[in-house]
Amino acid sequence: MRASRLVSILLLLQTRGRMTARELAERLEVSVRTIYRDVESLHTAGVPLYGDAGTNGGYQLLDGYRTRLTGLTSDEAESLFLAGLPGPAAELGLGAVVTAAQLKLMAALPVELRDRAGRVRERFHLDAPAWYRERDPLPFLPAVADAVWRERVLDVRYKSWKGEVTRRLEPYGLVVKAGRWYLVARGGEHVRTYRVWQILDLVVREEAFTRPDGFDLAAHWQEYLTEFQARLRRGEAVARLTPRGMDRLREMMTPGVVGAAEASARPLPDGRTEVTLPIESVEHALSEFLRLGADVEVRTPAELRERIVATLDDLTARYRET
């Protein structure tokens, strides 16, 4: 445990520069006294580490000092090669850079960890995009990424559900989810999420903006997902399913819908099961329930029942035409 903590101190100082004993203690969840002892141990081991007292003081490594990654555990070494995203990296124009970085990392690892990390790369491959969907055209992704990195304002022509719109954006970060890229940016007074593949044209201005201190991209994205899910399921439908219908629902629907079905399941005397399901809209629910065919009977809402009847009447008329 202590050896791992000493390596962590070295890596923190190597990546962050000067840090106080209190900052190190808070980051590693130990006492300041423990940090003092650890720093003394590093001095004794010959690590070129020095500290300054005062308001702007702290510990710092001598310029140019770099520790080798011999402190990695086997699990940590393996996880580094599971974290690679060759597809998104290539889309950003960084495919060759990622490959070079992995080669350098492999060269720095001890032999026994190098062998294990190599086996992970040979046996596991991450392909993030979903089935039955071609990759989105992303001609502007490198320019967007450059603007995010350099904190430059974007003038964007964007395809929204209202039609084409123009926006002046301050790009805070990029997120890739299920193989699709999203831009988190401030436009006006609000921070919103934009689909990169729906950008029709853009200009990267030389005008810089100041990214808010403490803005947490991961936390913002999680909050966005929570709000999106709340908007996505705004209504409910009561349905009765045959045993086969329940099996097909588990195969076809999202985990949230399946969970709601199982939590509300009420067996009926005829062998069917009555469930209450969240729905986004009548239009969306119509296509979802039609996929279940005769294995489902929608009870409510009435508008959804009427749409199903009308759709089936139309289909019947079409197929009976001579």
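**Exercise 1. Two helices that meet**

Task: Find the angle at which the axes of helix H2 and helix H3 cross, and say how the two helices are oriented to each other.

Solution. Start with the axes: those of H2 (residues 21–28) and H3 (residues 32–44) come within 8 Å and cross at roughly 105°. Keep in mind that this is a predicted model. Next, classify the angle. Values from 65 to 115 degrees count as roughly perpendicular, so H2 is roughly perpendicular to H3. Now look at who takes part in the contact. From H2 come Ala21, Arg22, Leu24, Ala25 and Leu28, and they meet Val32, Ile35 and Tyr36 of H3. Sorted by class, this contact has seven nonpolar residues, one charged residue and no polar ones.

**Exercise 2. The loop between the helices**

Task: Work out where glutamate 29 sits and whether it is buried or exposed.

Solution. First, the location: glutamate 29 belongs to the loop between H2 and H3. Second, the backbone: its phi is near 60°, a positive value in a residue other than glycine. Third, the surface: the relative accessibility of glutamate 29 is 72%, and because the cut-off for exposed is over 50%, glutamate 29 counts as exposed.

**Exercise 3. Another positive phi**

Task: Place glutamate 151 in the chain and decide which exposure class it belongs to.

Solution. Glutamate 151 is in the loop between helix H8 (141–150) and strand S3. Its phi is positive, about 55°, although it is not a glycine. With a relative accessible area of 29%, glutamate 151 is partly exposed.

**Exercise 4. Neighbours in one strand**

Task: For leucine 169 and glutamate 170, find the strand, the exposure class and the contacts.

Solution. Begin with leucine 169, which lies in strand S4. Its relative accessible area is 1%, so leucine 169 is buried. Leaving out residues up to four places away in sequence, leucine 169 touches Val153, Leu154, Val156, Leu183, Ala185, Arg186, Gly187 and Tyr194. Leu154 deserves a second look: its C-alpha atom and that of leucine 169 are separated by 5.1 Å, with the two residues 15 apart along the chain.

Move on to glutamate 170, also found in strand S4. Its relative accessibility is 17%; since buried means under 20%, glutamate 170 counts as buried. With the same residues close in sequence left out, glutamate 170 touches Val153, Val184, Ala185, Arg186 and Phe209.

**Exercise 5. A pocket and its lining**

Task: Describe the second largest pocket: what is its volume, and which elements line it?

Solution. The volume of the second largest pocket is about 540 Å³. It is lined by 16 residues, of which Tyr158, Ser160, Trp161, Thr193 and Arg195 are the closest to its centre. Now turn to the elements. Strand S3 (152–160), strand S4 (163–177), strand S6 (190–195) and helix H9 (217–232) each supply at least two residues of the lining. The largest share comes from S6, with four residues. Finally, sort the lining by class: seven residues are nonpolar, three are polar and six are charged.

**Exercise 6. Helix H12 and a cis bond**

Task: Name the buried residues of helix H12 and the elements they pack against, then look for the cis peptide bond at proline 301.

Solution. In H12 (residues 282–290), the buried residues are Val282, Ala285, Leu286, Glu288 and Phe289. A helical pattern helps in reading such a list: an α-helix has 3.6 residues a turn, so residues three or four places apart point the same way. The partners of the buried H12 residues are strand S8 (235–241), strand S10 (273–279), strand S11 (296–300) and helix H13 (302–320). In the loop between S11 and H13 you will find proline 301. The peptide bond leading to proline 301 from threonine 300 is cis, with omega near 5°.

**Exercise 7. The whole protein**

Task: How many helices and strands does the protein have, and what percentage of its residues count as buried?

Solution. The protein has 13 helices and 11 strands. Of its 322 residues, 34% count as buried. To finish, consider the contacts with a separation of 6 or more: residues 24 or more positions apart account for 60% of them.

Conventions:
Residues are numbered from 1 along each chain as its sequence is written. This is a predicted model: local features need pLDDT of at least 70, side-chain atom pairs count only at pLDDT 80 or more; totals for chains, interfaces and linings use all residues. Side-chain values use heavy atoms; hydrogens and water are left out. Buried means under 20% relative accessible area, exposed over 50%, partly exposed in between (1.4 Å probe, protein chains only). Contact means heavy atoms within 4.5 Å. On a 1 Å grid over the protein atoms alone, a cavity is a set of points where a 1.4 Å probe fits but cannot get out, and a pocket is an open set with protein on both sides within 12 Å along at least five of seven lines; lining residues have an atom within 4 Å of a point. Grid points are joined across faces, edges and corners, and a volume is the space filled by probe spheres set on the points. Ala, Val, Leu, Ile, Met, Phe, Trp, Tyr, Cys and Pro count as nonpolar, Asp, Glu, Lys and Arg as charged, and the others, Gly among them, as polar. Axes are lines fitted to C-alpha atoms, for helices over the stretch in contact, and angles run from 0 to 180 degrees between N-to-C directions. Angles under 35 degrees count as roughly parallel, over 145 as roughly antiparallel, 65 to 115 as roughly perpendicular and the rest as oblique.
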